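Please load the model in a viewer and set the display to cartoon, with side chains available on selection. The stops below proceed from one selection to the next.

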Amino acid sequence: MNPRAVFLMTLAVTTALALTACGSEDTATPAKGGDKKTPSTAPTSSAPASDGRPAIELPSDLSYTFDWPKTGDKEKDAVLADSEQSIKAVDQAIVNQNALDEAYLYYYEGEAAAETQKFVQNYVDHKAGITGSYRFYAPEVNVDKDGTASLSYCEDQGKAYVKYLETGKIKKTEVTAKSYVIYHASLKRDEAKGAWMIQKIVSESGSAKCQP
């Protein structure tokens, strides 16, 4: 089963990014894999703070590929850039074992923030983290004049895993159709921050559109 949990319902972006434990259908267990609050490996995946956005620092056993080419449209490209950082920000919270990590709270608000807090806390409670490689691709973004946007994209979770921090055990399973997930997210621009905020998302594992 895919390491990032997917509830087939409208949830916060982050919740949709991961609630089903790798190799397990038990939603009481964490979904992906990672590292301890103080990672033993040097952080290599990072984004410096810019324009008020928080810096994001992740350990070297996590890697990301965003096959999200620029559209040439300023607002669409901003949606893609902020969405990329929001994904990494949630993973940083898991790595830090902090359900109130400031980085993800910058990008999520309301229902999304509340659901993300529960999602990260699930990892903390199970002393679990994330490890491996994540790939995101096939984005489709639309921006409306009212300051809202929609974004759909695929995720390949075939090389992403749950890591239990006390034992160091990594839970790996074979790649199946369910390793490919499609997300449909709604966002809203925060004019004060100049950033696109995550509102809600609908996700589906095994999407035919995302199959290789």
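Select helix 4, residues 111–125, in this predicted model. Its 15 residues carry the chain 21 Å from the first C-alpha to the last, close to the 21 Å expected at 1.5 Å a residue. Display the side chains of Ala112, Ala113, Thr116, Phe119, Val120, Asn122 and Tyr123, which are buried. In general, an α-helix has 3.6 residues a turn, so residues three or four places apart point the same way. After the helix, inspect Lys127, where phi is positive, near 50°.

Next, select helix 2, residues 74–96. The end C-alpha atoms of helix 2 are 33 Å apart, in agreement with the 33 Å that its 23 residues should span at 1.5 Å a residue. At its N-terminal end, Asp73 acts as a cap: one of its side-chain oxygens is 3.1 Å from the backbone nitrogen of Glu75. Just beyond the helix, Gln97 adopts a positive phi of about 55°.

Now turn to the nonpolar interior. Which residues touch the most other members of the largest nonpolar core? Among its 44 residues, they are Tyr108, Phe136 and Tyr153. Helix 2 supplies the largest share of this core, eight residues. A second core, separate from it, has five residues, including Tyr137, Tyr180, Ile182 and Cys210.

The remaining stops concern charged pairs, of which the structure holds nine salt bridges. Return to Glu75 and add Arg189: their side chains form a salt bridge at 3.9 Å, N to O. Because Glu75 belongs to helix 2 and Arg189 to strand 7 (residues 180–190), the pair ties together parts 114 residues apart in sequence. Glu75 is partly exposed, with a relative accessible area of 27%, and Arg189 is also partly exposed, at 23%.

Select Lys163 and Asp61, a salt bridge whose closest N and O atoms are 3.9 Å apart. Lys163 lies in strand 5 (residues 148–164), and Asp61 in the loop between strand 2 (56–59) and strand 3 (62–67), 102 residues apart. Are these two residues buried or exposed? Both Lys163 and Asp61 are buried.

Move on to Lys209 and Glu140, whose side chains meet in a salt bridge at 2.7 Å, N to O. Lys209 sits in the segment after strand 8 (195–205) and Glu140 in strand 4 (residues 128–143), a separation of 69 residues. Lys209 counts as partly exposed at 44% relative accessibility, as does Glu140 at 43%.

Finally, select Asp67, Arg135 and Asp156, which are linked in a network of salt bridges.

Definitions and conventions: Residues numbered from 1 in each chain as written. Predicted model: local features only at pLDDT ≥ 70, side-chain atom pairs only at ≥ 80, totals over all residues. Heavy atoms only, no water. Core = buried A, V, L, I, M, F, W, Y, C linked by side-chain atoms within 4.5 Å. Buried < 20%, exposed > 50% of the residue type's maximum accessible area, 1.4 Å probe, protein only. Helix = DSSP H or I, 4+ residues; strand = E, 2+ residues; numbered from the N terminus. Expected span 1.5 Å × (residues − 1). Polar contact = N/O pair within 3.5 Å; in protein donor to acceptor, adjacent residues only side chain to side chain. Salt bridge = Lys/Arg side-chain N within 4 Å of Asp/Glu carboxyl O.
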